[in-house]
Amino acid sequence: MSHDWRLVPFAIATWGAAWIGSSGWRPPSDAIFAIFTGLTLLVIVAVRSRRLWVAMLLAVFTVTLLMSALQSWQRHSSPIAELASERAMATVRLTLLAEPQPRERVVVARARLVWVDARGERVQARVPAVVLGSGPAGEQLLGLTAGATYEVRARLGAPEPTEDSAAVLSLREIRAEVAGPNIVDRGVNAMRQGLRDAVAHSPPRQAALVPSLVVGDTSAVDRAMEEQFRVTALTHLMAVSGANLTLMLGVILAAVRGLGLRGWWVRGAAVGGVVAFVLICGQEPSVYRAAAMGLVALAAVGVGVGKRSIRTLSVAVLMLIWLDPWMARSVGFALSVAACAGIVLIGPTFVSALSRWAPRWAAEALAVPLAAQIATQPIITWLSDQVSVVGVITNVLAGPFVGPTTVLGFAAALLFWAPWLAAGPGWLAGWCAQPILWLAEFGASLPTAAWAWEGSPTGIVLVSLGACALGVVLSWALRHWWGGVGFVALFLLASLIRPVPLGWPGAWHVTFCDVGQGDATVFNAGSASAVVIDTGPDPAPTINCLESLGITSVPLLILTHYHADHVGGAEAVIARYRPSLVLVRAGQHPRWLGEAAARVGAEVRSARPGEILTVGEASWQTASVWEPVGASVPEAEGEGSAENDASVVGIGQSGALRVLLAGDAEPAGQQAALRSADHHGVALAVHVLKLPHHGSSRQEPRFFKASQATLAVASAGEGNSYGHPSVSALELARSMGMQIARTDLQGAISVSLADGQVMVRTTEAGR
């Protein structure tokens, strides 16, 4: 099929100009004049040279750059932005634009400001803002209604220069509801709540997934499910996306055609589906983006004239960026465009190939997610530093269930006025979504669900070439049923083989996983089991590390304290490895931890000084447990010393190798550990010292000396903004005769003890 490529350069020029204009870069005024004068002269020269396309391209670039730069300047140079840069406390009137969503111990909401009253002055401004709430304020924020106007007390903060919001509001108090939502917002809120009510009696995971598939409501999605969908490249299903809309419309139009209707009836059904999609999902930029891309993709595989699809896609990019220049910086927008381009360019080929042996409706349901996954893989790799091996298969197999789930979910939402009637399609939607849950669970459990792959320019080029090659091979292989079976078998085989650096891990007693700016330490307990201390900020690197070590069982999990860089992966690790005991610091533990442990029947309790726990060939002895003074909420935020010093301190041992671990304990916590160890008769002499708090500059020399270690290991993220490990901590360790190993420079570090000698092996060579 031939395509009309003439508007593609204009879409690229518009995208590039908006990206530059919204970057926050502010050249000197004379430079601005010179830039636009130069661009104008180039346009004139191109016109006089009768290169009209070049002149038009330059004109589009210039106008878009000027328009987006002016919008960015107005938003980030306003009186609101000035107050935000000074972190002023203010009384704010705002209108909530969408339902607040919980995110990693904070609640986030999008709003439009009406006025801001700060420092004796009221500033009128209808500009976008982000509202953040944690603790009690977060609970209050979750209870607010989309579309309503509120008066709140908040501290203003400056957003990043590249963001579209004029300010970030840290919520302190909600004073009053000034006005309720309008009739449209009331209807949308009622439909969204009706959908949640309709699936409330379904199994919990179904009840969480259906609203996220239908309207992007992920409030009930737990961390374990989120991680399973991420590893299997199904995360996009939980967001409002063009692919979801395409699959939904495919089901609607198949039903319309099945009734014998043609022509304008089909077009009317498509338009009605899009209108319902926009109304129920909410009138937000991401929804409009998904609607536009979904219609373009639908045209490519069944409705409209396919050869015009690239031109239509280019027009959609132009219009969306002109309406919202910050789309150019949106990863979601890039993924939507890439997915749409894949569906447009290779989707029809896949449909044609599959239609040779499968019904057309099934061919379209399989081809759309397959084409989208192949096209978006380079971007996904750039974002995640990995290639989802099972992602292609899970997307293909999940595709046929997305459309019916979405259609039934919309039906349940539209029947909000009759809950007894909505329960039927809600229940059916849940069971249509169940195969997607099974796919995510099964795919994430495979040994090589995802391969680590560096998101460098070279890595992205290689992935892009691989995606192109895969598209060519599949366009031939899918013409036969055995080609489809072979394709699935090949990827399943690849998902069972994990490539690791040569010789890794070898003989090992303890491994310090490379989890970025965080901690995850694994002690070999023999028979593919381990004791794990902390789980890093994200589950994937920790799970990848455990898999590379051949670990299948974690009977004992120890969480030193509750900062996210130590417990971010805990839910997923608990769900996957089902520990019998989770040992934590003194005091109250978070609700999410109790719920995650209860799901697998694990016990959660505080460590006790002096106790020794043995698991196979590994053991743990607690040296110190210190409850933070005045900490009422265990989900501590930031870098608070109270939570750091509350870290469980102890000695992990595998075979004869001993390691001293102190979480993020600072001098006060390390001093307390020295006193507690002496009181309870715990010997702190070890072979390896894991530098406390990732090797920060705040250390107690006596603690280092008591360890008598010959090796110090710093677990930190490459190029982290904290400067970990600090020069002073490294020098302190060296002054006491310790060798240094660092995860930020050497990757994962495995340590063994042989004939009294500490042996170190790293993954640096395979990075």
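In this predicted model, helix α25, spanning residues 667-680, lies across two strands, β17 (618-624) and β18 (649-654). Relative to β17, helix α25 runs at about 110°.

Both of these strands belong to an open sheet of seven strands, and a walk across that sheet meets them in the order β16-β17-β18-β19-β20-β21-β22. The pairing within the sheet is mixed. At its edges sit β16 (612-615) and β22 (739-742), each of which pairs on one side only. On average, and with direction ignored, neighbouring strands of the sheet are turned by 20° against each other.

Further along the sheet, it is worth pausing at the pair formed by β20 and β21. Strand β20 (residues 688-690) and strand β21 (residues 711-714) run parallel and are joined by three bridges. Here Lys690 finds its bridge partner in Val713 of β21. Strands of a sheet pair through backbone hydrogen bonds, in either a parallel or an antiparallel manner.

A helix-helix contact completes the picture. Helix α8 (residues 223-231) packs with helix α22 (residues 570-577) at an angle of about 85°, and their axes are 8 Å apart. Since angles of 65 to 115 degrees count as roughly perpendicular, α8 and α22 are therefore roughly perpendicular to each other. From α8, the contact is made by Arg223, Ala224 and Glu227, while α22 brings Glu571, Ala572 and Ala575. Sorted by class, the contact of α8 with α22 holds three nonpolar and three charged residues, with no polar ones.

Definitions and conventions:
Residues are numbered from 1 along each chain as its sequence is written. This is a predicted model: local features need pLDDT of at least 70, side-chain atom pairs count only at pLDDT 80 or more; totals for chains, interfaces and linings use all residues. Side-chain values use heavy atoms; hydrogens and water are left out. Two strands pair if DSSP finds at least two bridges between them. Helices (H or I, at least four residues) and strands (E, at least two) are DSSP runs, numbered from the N terminus. Axes are lines fitted to C-alpha atoms, for helices over the stretch in contact, and angles run from 0 to 180 degrees between N-to-C directions. Contact means heavy atoms within 4.5 Å. Angles under 35 degrees count as roughly parallel, over 145 as roughly antiparallel, 65 to 115 as roughly perpendicular and the rest as oblique. Ala, Val, Leu, Ile, Met, Phe, Trp, Tyr, Cys and Pro count as nonpolar, Asp, Glu, Lys and Arg as charged, and the others, Gly among them, as polar.
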